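Dear colleague,

Please find below the structure that I am handing over to you. My notes on its aromatic rings follow.

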Amino acid sequence: MALRDRRLADVLCSGTFKPLLPAVAALALLAAVPAPSQAATLTVGTSAEPSALDPHYHNLGPNTRARKHVFESLVSMDAKMRLQPELAESWRAVDETTWEFKLRKGVKFHDGSDFTAQDFVYTVCRIPNVANSPSSFTVYTKGIAAIETPDPHTILVKTGKPYPLLPMELSTFGIISAKAAGGTAVTFDKAGCKADSWPTTQAFNDGSLMIGTGPFKHKSYTKGDRQVLERNPGYWGPQPAWDTVVFRPITSDGPRVAALLAGDVDLIESPPVQDIERLKSAPNVALAQAQSNRVIYLALGVQDTPPTITGTDGKNPLKDPRVRKALSLAVDRDAIVKRIMLGVAEPANQYLPAGFYGNNPEVTVATDANKAKQLLAEAGYPKGFQLTLGTPNDRYINDDKVAQAVAQMFTRIGVQTQVDATTANVFFSKRNKQEYSVFLAGWGADSGEMSSPLKALIATPIKEKGYGTTNYTSYSDPELDGMLDTALATVDDAKREKLLQAAVKRAMDADIIIPLHYEVTVWAMKKGLSYEPRADQYTLAQKVTPAK
Amino acid sequence: MLVFILRRLAQSAVVVVAMSVLVFAGIFAIGNPIDVLISPEADEIERAAAIARLGLDRPMHEQFMRFVDGALGGDLGTSFVHGVPALGLVLQRFPATLELALCAMLVAVVLGIPLGLWAGLKPDSMAGRVIMTGSILGFSLPTFWVGMMLIMAFAVTLGWLPAGGRGETASLFGVQWSVLTADGLAHLILPAVNLALFKLSLVIRLARAGTREVALQDYVKFARAKGLAPARIVGVHILKNIMIPVVTVLGLELGSVIAFSVVTESVFAWPGMGKLLIDSILQLDRPVVIAYLLVTVLLFVVINLIVDLVYSLLDPRIRLGGGRA
């Protein structure tokens with residue numbers, strides 16, 4: 001970016017800059033080619049900004065993205081969301097309720113102090129003690145019953161019951177320095193750790209506690225404008241290709257693409273679907289795309305009194321499995337992907353794509369409008385009924401357009417469907433009050449395994465187990481809950497996968513949550529850069545490389 | 001004069017109270033912030049805990065009283081999303097918006113008044129017609145479209161200027177300003193021009209209408225008959241007399257430019273208050289929305305006060321009496 005300053009100096013200081021322009025433009029082109037000998041800077045245009053730099057403040061995508069550059073976790077996930085070692089070199093289940101983690105030796109924090117087991121203990125202790133946290137990481141630490149540290153590089157985590165998801169859950173939060181936060185004496189207590197005071201979110205935002213073990217050090221942060229990171233020369237892993245990384249939030253789609261085309265930024269997140277063809281044909285832009293862990297689905301409510309169905313004398317037709325099957329058969333997923341998502345999505349036949357843990361290759365979905373009409377007639381609705389489909393219009397890619405298409409497909413089999421599309425904050429409030437008989441939404445499985453959508457979307461809401469947190473359909477299948485119970489208590493990975501596959505089969509047969517498509521995440525960058533697209537949708541500067 | 005100012009402040013206080021009630025009830029009606037904020041993976045226990053942390057478990061009137069309580073002590077609450085004081089969050093973004101608005105107004109005044117004068121003095125000339133046609137375009141083209149076109153032309157195709165963001169800043173009085181660095185200035189040009197376009201057209205039209213009216217007045221004819229230099233006639237006798245409507249409108253417009261430059265700030269990724277407001281409304285971040293609107297009301301009050309004071313400077317016949325406000 002130093003070059004741009006020179007370009008500007010030309011423009012601003014010389015009264016006769018016009019004849020210089022071709023030369024300046026040529027210089028600008030040269031600047032686009034990364035030169036390895038110079039100080040390398042990567043500028044990223046992001047689609048959303050973290051709400052704080054505090055790694056434990058808000059369990060939210062952009063915050064985790066920012067966190068992963070500075071703070072690391074015991075276990076991490078690769079681009080396909082498979083677990084891999086990070087600060088822990090290895091881990092194993094000692095018995096049903098004990099996990100042992102062997103820590104990497106010689107890892108240093110950005111302030112030069114050593115990383116030890118105490119930093120993990122302190123982090124787990126601090127997570128429930130973040131003031132004003134709108135969404136806490138306690139969901140991922142509540143399984144921990146006790147922590148033992150026999151030596152500074154070994155951690156034994158005890159869980160109250162068999163807890164196969166523990167390593168995955170430990171991959172979700174970053175570890176802060178106990179020494180920097182003054183917590184070297186804090187010990188773990190399930191009922192609540194004791195400390196004189198806990199670090200404030202402000203202390204992270206102003207940079208004073210931004211001391212992690214990650215590949216980048218925090219340099220500066222201006223909310224709404226930019227976050228600047230610089231390379232950590234003492235990093236234990238492979239050195240990133242960039243001396244400086246700048247993250248700039250450009251939340252509007254058009255301007256983000258323009259910033260890439262203008263050369264202001266080197267890489268952008270999620271260019272809008274309708275611009276992708278154009279970017280493909282641009283000479284100096286490269287694209288990377290990957291199937292994400294997010295499925296877009298329709299949820300069919302089985303409330304006794306349907307909130308948005310009329311023409312059935314107050315009965316809820318969706319209680320009849322034949323009607324639900326008919327609606328599933330009415331949806332032409334290929335058409336949605338091709339015409340509305342312009343190919344930037346994959347038709348979905350269950351809640352996670354093939355290759356993810358728990359995907360059942362035997363589960364399929366079909367499209368058959370005639371069969372659907374026949375099923376409706378058998379169920380006693382030969383003339384169909386009237387339905388209102390709820391959808392957000394600014395949350396998922398083309399969400400309201402997809403809902404419009406679904407409404408037409410439903411109407412074709414006789415279920416006259418209207419779409420109620422509202423902005424996300426209104427939609428989610430209404431949906432959570434079960435004000436829609438059918439709604440469109442999305443689910444991203446943070447854990448990358450099938451238990452996540454099953455547990456949240458379709459299991460019976462049971463507070464103590466954390467089941468059914470996003471089940472707004474009033475559906476309850478005790479047998480499915482039982483299958484989940486067993487799966488979530490099975491530490492053996494191969495056995496658990498079989499159990500989850502059986503559970504997803506049962507859930508799909510119920511036709512309560514009807515999958516439409518998997519979102520595809522796209523990154524656009526300057527030609528000459530390469531990025532391995534990630535299923536978890538994070539943009540990680542340490543994984544962006546100048547092509548060889 | 002003092003009475004006048006005091007009366008103004010009292011009126012403003014009523015506005016502030018009425019508005020905070022309206023905004024509070026309005027946002028309350030839209031939905032529950034926790035539905036937007038919380039991670040979908042969170043369970044019921046965590047959800048209840050977060051609701052309690054943010055104080056959303058209390059009934060609305062109780063939440064409002066807590067807000068009033070804090071507000072009287074100068075604390076407008078803590079942002080639900082960012083976890084920092086809402087007022088600080090708004091004020092932190094204020095300089096960026098202020099400098100953008102002032103630059104836009106500067107462009108509008110520096111270009112608009114001479115162009116309007118010209119068009120008013122020579123309404124039938126080619127230049128006069130071109131100016132007036134141009135001002136119609138400035139009025140009617142949507143800001144976001146013009147913004148995108150400016151980016152496409154000057155950033156993407158020509159590569160002269162950056163496409164967005166604030167660029168480098170330098171510190172003055174402990175606040176970061178873009179105008180002080182070459183890089184920052186370059187980042188400022190496109191958004192300022194985009195924001196200025198509408199105001200520019202407005203100023204041109206006002207100045208032209210005023211000029212045409214004033215130019216026919218007796219005192220201008222008399223000045224001309226006396227043999228005063230044309231420059232003095234235009235510069236003193238005409239210019240001063242067309243300024244009252246221009247100052248009124250500019251005052252009002254400055255307020256609206258500062259408060260509602262949302263579109264320009266979004267298109268150019270300018271880290272100002274407008275973008276903060278939109279994001280906060282979408283995330284139902286009630287404290288920030290209220291803090292923002294309170295700041296805006298205060299801003300309008302102060303600007304209007306200044307406008308009234310400027311009147312009396314421009315036209316000594318105007319008195320700021322306590323009898324009427």
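In these notes, a residue is called buried under 20% relative accessible area, exposed over 50% and partly exposed in between, using a 1.4 Å probe and protein chains only. By that measure Phe427(A) is buried, at 0% relative accessibility.

This is a predicted model, in which local features need pLDDT of at least 70, side-chain atom pairs count only at pLDDT 80 or more, and totals for chains, interfaces and linings use all residues. Residues are numbered from 1 along each chain as its sequence is written, chains are lettered from A and ligands numbered from 1 in the order in which they are written, and side-chain values use heavy atoms, with hydrogens and water left out.

Rings of Phe, Tyr and Trp (its six-membered ring) pair if their centres lie within 6.5 Å; planes under 30 degrees apart count as stacked, over 60 as edge-to-face and the rest as tilted. Over all chains there are 17 aromatic pairs. One of them, Tyr235(A) with Trp236(A), is tilted, at 5.2 Å centre to centre and 45° between the planes. Tyr235(A) is buried at 13%, whereas Trp236(A) is partly exposed at 29%.

Phe427(A) and Phe439(A) form an edge-to-face pair, with centres 6.3 Å apart and planes at 65°. Phe439(A) is buried at 2%. Both residues belong to one aromatic cluster with Tyr297(A), Phe428(A) and Tyr436(A).

In chain B, Lys122(B) lies over the face of Trp118(B), 5.0 Å from the ring centre; such a charge requires NZ of Lys or CZ of Arg within 6 Å of the ring centre and within 35 degrees of the ring normal. The charged end of Arg286(B) sits over the ring of Phe24(B), 5.0 Å from its centre.

With kind regards
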